[in-house]
Amino acid sequence: MKKSQLRSAARLAASQALYQMEVADKGLNDILAEFEAHWIGREIEGDAYNPAELGFFRDVVSGVVRDQVPIDRGLDETLAKGWPLRRVEALMRAILRAAYYELRSRSDVPARVAVTEYVDVAAAFFGPDECGMINAVLDALARQMRPAEFAVGR
């Protein structure tokens with residue numbers, strides 16, 4: 001499998017793991033162990049879960065947990081007025097947090113790639129309206145956090 005496919009699978013798994021941590025109130029070590037042992041690269045109830053780049057998966061999940069306060073603050077500032085992050089659906093919140101972490105902390109990944117990848121993750125669960133909202137929030141964040149990547153001529 002190509003590195004890009006392994007990273008795409010890692011982003012999907014990271015979003016699902018962050019969601020699971022929130023709704024099931026599981027700790028970081030438990031969720032990493034569960035996903036690595038039972039989900040990533042496995043078939044569950046007829047659904048195949050692709051192999052993922054485990055180091056990337058671990059980095060995104062643990063990075064979001066470690067930096068959740070500034071991540072949530074940054075997302076609150078970017079979301080529409082009167083619509084704080086806590087009002088956003090839990091899986092959407094997990095996707096936004098993972099994407100924010102990657103934009104903030106993974107300069108090895110181009111901003112446009114991160115935005116596109118997380119909009120694709122959202123498309124696996126949500127319709128066009130929700131995906132459009134996620135795209136708009138992440139695009140605004142990417143342009144704010146990495147303006148040089150969006151300068152004219154790039």
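**Salt bridges and helix packing: reasons for the terms**

Q: What makes Arg58 and Glu36 a salt bridge?
A: In this predicted model, the closest N and O atoms of Arg58 and Glu36 are 2.8 Å apart. The cut-off for a salt bridge is 4 Å, so Arg58 and Glu36 qualify. Arg58 belongs to helix 3 (residues 54–66) and Glu36 to helix 2, so the pair ties together parts that are 22 residues apart in sequence.

Q: Why is Arg58 called partly exposed?
A: The relative accessibility of Arg58 is 36%. Partly exposed covers the range between 20% and 50%, so Arg58 falls in that class. Its partner Glu36, with a relative accessible area of 23%, is likewise partly exposed.

Q: How do you know that Arg11 and Glu102 form a salt bridge?
A: The side chains of Arg11 and Glu102 meet with an N to O distance of 2.6 Å, which is within 4 Å and therefore satisfies the definition. Arg11 is in helix 1 and Glu102 in helix 5 (residues 90–105), so this salt bridge joins parts that are 91 residues apart in sequence.

Q: Are Arg11 and Glu102 buried or exposed, and why?
A: Arg11 has 3% relative accessibility, and Glu102 has a relative accessible area of 0%. Buried means under 20%, so Arg11 and Glu102 are buried.

Q: What makes the pair Arg106 and Asp59 a link between distant parts of the chain?
A: The side chains of Arg106 and Asp59 meet in a salt bridge at 2.9 Å, N to O. Arg106 is in the loop between helix 5 and helix 6 (111–123), whereas Asp59 is in helix 3, with these positions 47 residues apart in sequence. Arg106 has a relative accessible area of 15%, which is under 20%, so this residue is buried. Both residues are also part of a salt-bridge network that includes Arg7, Glu53 and Asp108. The structure holds 15 salt bridges.

Q: Why are helix 4 and helix 7 called roughly perpendicular?
A: Helix 4 (residues 68–78) and helix 7 (residues 128–145) pack at an angle of about 110°, with their axes 10 Å apart. Angles of 65 to 115 degrees count as roughly perpendicular, so the term applies to helix 4 and helix 7. Their crossing is right-handed. Helix 4 makes the contact through Gly74, Leu75 and Thr78, and helix 7 through Val137, Ala140, Leu141 and Gln144. By class, this contact has four nonpolar, three polar and no charged residues.

Q: What makes helix 1 oblique to helix 2?
A: Helix 1 (residues 3–24) and helix 2 (residues 28–38) pack at an angle of about 135°, and their axes are 10 Å apart. The perpendicular range ends at 115 degrees and the antiparallel class needs over 145, so helix 1 is oblique to helix 2. The crossing of helix 1 and helix 2 is right-handed. Ala13, Gln16, Ala17, Gln20 and Met21 of helix 1 make the contact with Leu28, Ile31 and Phe35 of helix 2. These residues divide into six nonpolar, two polar and no charged.

Q: Why is Pro51 counted as partly exposed?
A: Pro51 has a relative accessible area of 40%, a value between 20% and 50%, so the residue is partly exposed. Pro51 lies in the loop between strand 2 (47–48) and helix 3. Leaving aside neighbours within four places in sequence, Pro51 is in contact with Met1, Leu6, Ala9, Ile40 and Gly41.

How values were computed. Residues are numbered from 1 along each chain as its sequence is written. This is a predicted model: local features need pLDDT of at least 70, side-chain atom pairs count only at pLDDT 80 or more; totals for chains, interfaces and linings use all residues. Side-chain values use heavy atoms; hydrogens and water are left out. Axes are lines fitted to C-alpha atoms, for helices over the stretch in contact, and angles run from 0 to 180 degrees between N-to-C directions. Helices (H or I, at least four residues) and strands (E, at least two) are DSSP runs, numbered from the N terminus. Angles under 35 degrees count as roughly parallel, over 145 as roughly antiparallel, 65 to 115 as roughly perpendicular and the rest as oblique. A crossing is left-handed if the near helix is turned anticlockwise from the far one by less than a right angle, and right-handed if clockwise. Contact means heavy atoms within 4.5 Å. Ala, Val, Leu, Ile, Met, Phe, Trp, Tyr, Cys and Pro count as nonpolar, Asp, Glu, Lys and Arg as charged, and the others, Gly among them, as polar. Buried means under 20% relative accessible area, exposed over 50%, partly exposed in between (1.4 Å probe, protein chains only).
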